[in-house]
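Reader: I'm new to this one. Could you show it to me and let me ask how you arrive at the things you say?

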Amino acid sequence: MTEHRIAVLFSLLSIATLGLTVAAIHQANTPPWKPYQNRFYALAADREQDDAASRALRNSQLEIKQILLPGLQRVDRCTTCHLGVDDPTLAGVPHPFRFHADLEPHRSARFGCTICHGGQGLATEKMAAHGPVQNWLEPRLPKRYLRASCGRCHHEGAIPGAPEMQHARRIVGSRGCLGCHRLKGFGNTIGPDLSNEARHERSPEWLEQHFRDPRSVTPTSPMPDFKFSQREIEALTFYLLSLTTQPMAPYYLSVPMLPTAEQGRTLFAEASCISCHSIQGVGSSEGPDLHGVTQRRSARWLERIGHREFCEGMPTFTFAPRTARALVSFLAVATKKDARAILEERIPTLPPDDALTDAGRRTTLHFGCVGCHGEGLNGGTPNPNSQGGEVPALIHLADDYTRGEVAAIIRRGKTPPLEDPKKAAPPLYMPTWRNILADEDIDRIIAYAWSLLPEDTEAW
Amino acid sequence: MNRRSFFFSWAKAGAAALWTAGIAGTAAAVKFFQPMVSYEPPLSFKAGVPEDFPVGTPTLLPEENTFIVRDRERGFRACSAVCTHLGCTVRWSSGDQRFYCPCHGSVYDAEGKVIDGPAPRPLDWYEVTMAKDGQLQVDKHRVVPRDKRLIVES
Amino acid sequence: MKLLRDIWRSYRRRDSVATTKGKLQLVVHSLWLHIHPAKVHRSHFRLTYTWYLGFVSFYLFLILVATGVALMFYYRPTTAFAYQDMKDLEFAVFLGKFTRNMHRWGAHAMIIVVVLHMYRVYFTGSYKKPRQLNWVIGVALLLLTLLLSFTGYLLPWDQLAFWAITVGTAIGAYTPWLGPKGREILLGGHTVGDAALIRFYVLHCVALPTLTTLLIMLHFWRIRKDGGLSPPPSNLREFESPAPGTRPVAVAIPVAPHPGGTATSASARAVAVALEEVSEARAPRYAEDKDIAFSYPFAFYREGIAFLITFALMIVAAMYWNAPLEELANPAKTPNPSKAPWYFLGVQELVSYSALIGGVVAPALMVIALLVIPYLDTRDVRAPSKRKWGIWIFTLVTLANVVFIVIGTFFRGEGWKLVWPWASP
């Protein structure tokens with residue numbers, strides 16, 4: 001190449017580089033949120049009566065707006081485009097500028113947007129913010145499932161405006177989900193831990209389909225077909241979409257950190273403590289009288305109420321730390337008047353033997369045995385390649401085993417014998433329970449299982 | 001034009017383009033370093049609803065370093081809690097109705113005027129307006145005279 | 001005014017570049033430019049000789065340092081903030097996305113370009129005496145480039161980063177004796193966490209760039225000391241390197257007469273003497289003096305073109321292709337498969353056959369082989385046609401690396417099983 005041509009090439013490339021520099025700067029200077037802000041300020045200026053205010057609005061500086069929420073560990077930039085959420089005069093304007101009705105008491109300055117709606121708060125472009133976004137764990141929830149987010153902060157029993165949550169908690173209790181899954185630290189490990197399900201990038205449609213037919217979305221899933229009704233599916237999807245392990249500042253959680261005696265009383269009644277304990281002589285004499293227990297025992301010991309082997313003879317309960325503290329608050333002030341009132345609210349107590357088997361029944365529900373062994377422990381859950389092809393029913397346990405053998409199986413666990421040794425192992429198995437159930441729990445479960453044997457079996 | 005001047009003007013154009021690109025790039029780099037979002041508390045913020053604030057005692061908003069002053073039933077003002085000497089946070093003393101700075105002994109009266117100590121200027125008073133959702137909006141960008149109040153019709 | 005003229009003259013002390021003396025002074029008296037010789041043989045300009053790969057490597061390094069320092073203003077190297085700061089750069093910083101993209105694509109480009117540069121130097125036999133040490137410095141620079149890319153890979157703290165570094169450090173830990181201890185020092189612990197992040201950050205931003213800068217300086221200095229760029233092999237029938245044992249011939253680089261008269265000034269003579277001293281003893285004799293050109297403007301135009309093409313391509317890449325950012329790093333969730341950064345995927349492929357042989361022995365042998373090439377190959381021949389064996393072996397090993405990297409990238413799926421890349425997961 002001649003020198004002349006070299007020089008010309010150099011000049012051309014310089015001009016091209018200048019062009020590209022300008023293009024890059026232009027690209028950075030025209031982010032997608034700026035036109036939205038321009039449209040908003042024009043709209044607000046048109047609606048403004050006062051000329052000076054109108055002009056001020058038209059000349060507003062364009063900038064990213066964000067809500068800092070350190071207590072929720074997030075930053076929300078939604079208000080960069082959604083500029084009218086706090087302005088009641090903009091109730092009827094088109095999106096994205098419309099006023100957000102019914103927000104109280106969840107004011108946007110303290111709660112932001114994504115804690116309820118999901119989506120990527122850090123983003124400043126529409127697709128990235130709303131999704132679906134690859135690799136962003138909290139997808140934006142469709143309107144139907146929006147109230148699932150209530151469960152992130154509202155852990156109390158009945159949540160106003162979200163009855164599906166309580167329904168779901170009842171289903172989890174009665175259908176035995178904890179037998180295979182972990183939820184908030186309780187449960188077993190046959191299935192995946194669900195404590196953070198809201199941040200797993202799962203769509204509500206996927207979750208619904210999974211409840212309808214697990215193998216249609218996960219072909220290798222051993223989850224039994226629970227034949228949930230449509231309402232149950234929706235409630236469970238709601239519940240799962242509320243589960244997150246992301247820590248939040250305490251003032252966001254609706255159950256106060258200083259649990260009240262009132263809450264404790266409700267829990268005392270729900271957990272049926274009066275079946276074994278008395279207060280100032282009123283109640284049952286199975287276990288010790290609880291009056292003044294907070295003065296006899298240290299707070300640290302009391303907070304372990306319900307833990308495995310907390311106190312000899314007492315069954316295991318899965319109480320969250322706040323629950324235990326609420327109970328302790330109640331016990332500090334409880335009198336025989338409270339005990340009498342609770343007794344009157346209850347249905348009459350069962351005779352001792354029936355009480356034991358009823359306790360066992362509740363334990364099998366509580367710890368999820370029915371999840372694999374079926375409702376009423378009647379079996380019926382398919383378990384491919386196990387002998388018999390199903391998870392066994394437990395109603396005939398008394399015929400086949402001694403109590404000691406059953407206790408050993410519960411503690412140790414058991415892999416089911418294979419139908420065909422050359423094929424894959426069965427997906428469901430009996431896990432070990434010795435770290436979760438105390439001896440008393442196991443005795444109760446066995447009492448319940450023994451009580452299931454039909455009385456009128458003809459002797460062979 | 002002859003070959004020499006043609007060559008010459010190409011060189012000039014190239015040099016001009018490079019210089020322009022350099023200047024544009026430098027300006028863009030300066031803008032790169034200007035923060036577009038801040039993780040500090042915003043200068044214009046909502047303080048809460050009027051009912052949150054008691055009459056008589058200034059209420060400190062610690063994160064925004066601002067006092068909300070409701071010295072009459074319906075009148076609201078906001079003053080800075082930052083001592084004008086070297087920036088410590090002043091405290092209100094109900095007993096003698098004064099602001100005291102713990103660092104170097106500055107004393108301000110209830111209107112923010114310097115009574116004692118090394119502070120060079122009185123405390124700033126900020127504009128308080130009513131936001132559309134019924135909360136008090138404090139704008140620390142705008143310093144106003146100390147007797148300017150927001151009157152809230154109840 | 002005289003004052004302004006004095007101020008100007010205190011800065012600009014050379015003659016105008018319209019004069020020969022000015023052209024020489026511009027190069028020789030400038031801190032930034034004096035690594036260049038004042039005059040260069042025109043054969044060095046040929047695109048198809050060096051493809052300017054060395055220059056492009058250096059320009060990419062400069063671009064990476066500039067964009068890297070800019071990114072440091074916004075990025076906090078702790079697990080609490082790293083990922084969020086990456087998102088902030090993408091969404092809430094002017095030219096943030098652009099700068100990050102340019103940094104990432106520049107890093108990938110630099111690895112490819114330095115490998116191509118190494119191949120070119122091998123192909124033209126430019127590692128031979130007296131340039132053996134410069135080749136060794138080059139190998140060191142190659143390893144530093146890979147380490148710089150590796151340490152930077154962790155910083156976004158997403159799943160891609162976390163698991164790539166987990167796999168990469170695990171491969172390194174297979175080294176006997178030193179491996180596990182080395183991994184512990186690198187990570188500041190036994191897992192990839194906050195300690196690893198800050199160590200990788202300091203390595204990536206301070207320690208490794210400093211080492212690289214020093215070695216680059218040495219690398220350029222050595223080029224001059226070795227007699228400038230080696231002549232293209234096709235020119236070698238005209239002249240050969242000095243036969244061993246003979247005293248090398250000095251080159252007389254002509255100094256054009258000072259415009260204004262035949263008398264050369266003392267400074268021009270000094271320049272001429274200095275140039276002779278610098279280039280004596282190692283430079284081969286050039287057959288024709290008319291092929292020698294002033295560095296300014298002829299070499300600088302071409303270097304400028306190389307820079308502008310590099311920079312323009314980087315701008316286009318940064319504007320239109322976004323660097324990846326997967327979900328937040330999650331030690332509890334291992335992607336299947338977990339892949340090392342692409343330039344280590346060849347090693348990971350070998351590791352899948354044998355951890356020790358594939359992960360430690362083979363790469364170590366390759367590095368040792370590279371280092372000894374100039375000391376084993378002492379034949380005085382540079383023409384590629386006369387070095388077929390060497391070129392075939394080098395090419396095949398390079399291609400094997402590329403093939404393994406391609407397999408590792410596209411043809412390995414879950415559980416490191418072979419899959420067709422177009423099969424859906």
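**Chain C and its contact with chain A**

Author: Let's start with the surface of chain C, which exposes about 22000 Å², with carbon and sulfur atoms supplying 70% of that area. Keep in mind that this is a predicted model.

Reader: What share of chain C counts as buried?

Author: Of its 425 residues, 46% do. A residue gets that label because its relative accessible area is under 20%. As for its makeup, chain C has 15 helices and 2 strands.

Reader: How do you know which residues of chain A and chain C are in contact?

Author: Heavy atoms within 4.5 Å make a contact. By that test, 30 residues of chain A are in contact with 27 residues of chain C. The area buried between the two chains is about 2500 Å², and carbon and sulfur atoms give 69% of it. On the chain A side, E3(A), F10(A) and N135(A) lose the most area to chain C, together 22% of what that side buries.

Reader: Why is the meeting of R302(C) and E3(A) called a salt bridge?

Author: The cut-off is 4 Å between a side-chain nitrogen of Lys or Arg and a carboxyl oxygen of Asp or Glu. R302(C) and E3(A) meet at 2.9 Å, N to O, so the pair passes the 4 Å test. The rule finds 3 salt bridges across this interface.

Reader: Which helix gives the largest share of the chain A side?

Author: That's helix α1 (residues 3-29) of chain A, with 16 residues. By class, the side of chain A that touches chain C has 18 nonpolar, 8 polar and 4 charged residues.

How values were computed
Residues numbered from 1 in each chain as written. Chains lettered and ligands numbered in written order. Predicted model: local features only at pLDDT ≥ 70, side-chain atom pairs only at ≥ 80, totals over all residues. Heavy atoms only, no water. Buried area = accessible area lost by both parts, 1.4 Å probe. Helix = DSSP H or I, 4+ residues; strand = E, 2+ residues; numbered from the N terminus. Nonpolar A, V, L, I, M, F, W, Y, C, P; charged D, E, K, R; others polar. Buried < 20%, exposed > 50% of the residue type's maximum accessible area, 1.4 Å probe, protein only. Areas by Shrake-Rupley, 256 points an atom, 1.4 Å probe, with all protein chains shown as cover.
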